[in-house]
Amino acid sequence: MAKLSIPGPIDPYFLQYLQQSGPRPLTKWLHYLTVYSRELGPFRTRPVTFLEIGVFRGGSMPFWRGYFHPESVLVFVDINPDCADLEIEGTHVRIGDQSDPEFLARLVAEFGPFDCILDDGSHVCAHQITSFERLWPHLTDGGLYMVEDTHTSYWKAYGGGYRQQGSFIEYAKDLLDAMHAWYSEQDTAFPFDPRAQSLSSVRVYDSIVAIEKRWQPDPPAPFAASNGALEIDRTWLAKTKAGARDDDTSR
């Protein structure tokens, strides 16, 4: 087996699997193993419902089946009808287009909600965005949505290009803004975005965007701790924003 040089710590499972992999080809970028270890590791200790968009030659089915809890529900989606024959014990394969809202709705009705979603499908930016927008509401609180191979956001053939509007990377930048909408003092240019209530973090790696969901209906609140006493001021953000508007002479 080729000697692996992987940046960052990885779960021993991944190295063990690669040394004992079966005949099904598994194609990934080496540095993804570090990202998987960091992002998906917390989901290993309990049964989860996992969805991967993209089957290709089926190599990721045994890969993920051995990684997650044995009682997990593992769902795999592909547009190619031949992929239905690749289903193995402990997995479910469904055939459909990831950019088809009706197919995604049927998928959610059958298996949702999902704890982890991994988009390794067409890599077309418009498809990635459609899948995210349709499936995000059906991700569990505390769940994780990962989009792989986001370097296609820089390839014109996939709807990308440097700072090309409509690419998934530019969409992820918009999610960063949405996550910080609590703090906006520009109500016209940057009004409150309700997505802030569910966006906990948007973590960007080389070619992977990992988006964590945690429901937070109320604005963030600072605290002050002194001599064992804890004070939480839930009005601070509103007062600060109001003061910033009053003092803003740039408009």
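# Contacts, burial and aromatic rings in a predicted model

User: Which residues does S207 touch, not counting residues up to four places away in sequence?

Analyst: With residues up to four places away in sequence left out, S207 touches H31, Y32, V147, E148, D149, T150 and H151, where contact means heavy atoms within 4.5 Å. S207 itself sits in the loop between β6 (199-205) and β7 (208-213); helices (H or I, at least four residues) and strands (E, at least two) are DSSP runs, numbered from the N terminus. This is a predicted model, in which local features need pLDDT of at least 70 and side-chain atom pairs count only at pLDDT 80 or more, whereas totals for chains, interfaces and linings use all residues. Residues are numbered from 1 along each chain as its sequence is written, and side-chain values use heavy atoms, with hydrogens and water left out.

User: Why is S207 called buried?

Analyst: A residue is buried under 20% relative accessible area, exposed over 50% and partly exposed in between (1.4 Å probe, protein chains only). S207 has a relative accessible area of 10%, and therefore falls in the buried class. Of the 251 residues of the protein, 44% count as buried.

User: What makes helix α3 a mostly covered helix?

Analyst: Helix α3 spans residues 60-67, and 6 of its 8 residues are buried. These are S60, M61, P62, F63, W64 and Y67. They pack against elements from several parts of the chain, namely the helices α1 (12-19) and α2 (32-40) and the strands β1 (49-53), β2 (73-78), β3 (91-95) and β4 (114-119).

User: Why do F14 and Y67 count as a stacked pair?

Analyst: A pair of aromatic rings is described by the distance of the centres and the angle of the planes. Rings of Phe, Tyr and Trp (its six-membered ring) pair if their centres lie within 6.5 Å, and planes under 30 degrees apart count as stacked, over 60 as edge-to-face and the rest as tilted. By this rule the count comes to 25 aromatic pairs. For F14 and Y67 the centres are 4.9 Å apart and the planes lie at 20°, so the pair is stacked. Since F14 belongs to helix α1 and Y67 to helix α3, the pair ties together parts that are 53 residues apart in sequence. Both partners meet the criterion for burial, F14 at 0% relative accessibility and Y67 with a relative accessible area of 1%.

User: What makes F63 and W64 an edge-to-face pair?

Analyst: The rings of F63 and W64 are 4.8 Å apart from centre to centre, with 70° between the planes, and the pair is accordingly classed as edge-to-face. F63 and W64 are buried. These two residues also belong to one aromatic cluster, whose members are Y13, F14, Y17, Y32, Y36, F50, F63, W64, Y67, F68 and F76.

User: How many disulfides does the structure hold, and what would make a pair of cysteines count as one?

Analyst: A disulfide is a covalent bond between the sulfur atoms of two cysteines. The criterion is a pair of cysteine sulfur atoms within 2.5 Å, and the structure holds 0 disulfides. Two cysteines can still be classed by burial: C83 counts as buried because its relative accessibility is 3%, and C116 counts as buried because its relative accessibility is 1%.

User: How do you know whether Y162 is buried or exposed?

Analyst: The relative accessible area of Y162 is 65%, which means that this residue is exposed. Y162 lies in the loop between β5 (139-148) and α6 (168-179), and together with Y154 and W155 it makes a nonpolar surface patch of about 410 Å².

User: What is notable about phi in F56 and R163?

Analyst: Phi of F56 is near 55°, a positive value in a residue other than glycine, and phi of R163 is likewise near 55° and positive in a residue other than glycine. F56 lies in the loop between β1 and α3 and counts as exposed because its relative accessibility is 59%. R163 is placed in the loop between β5 and α6, and its relative accessible area of 56% makes this residue exposed.

User: Which peptide bond is cis, and where is the place of P113?

Analyst: The peptide bond from G112 to P113 is cis, with omega near -5°. P113 is found in the loop between α4 (101-111) and β4.

Methods: Patch = residues over 30% accessible without salt bridge, like charges linked within 9 Å, V, L, I, M, F, W, Y side chains within 5 Å. Areas by Shrake-Rupley, 256 points an atom, 1.4 Å probe, with all protein chains shown as cover. Salt bridge = Lys/Arg side-chain N within 4 Å of Asp/Glu carboxyl O.
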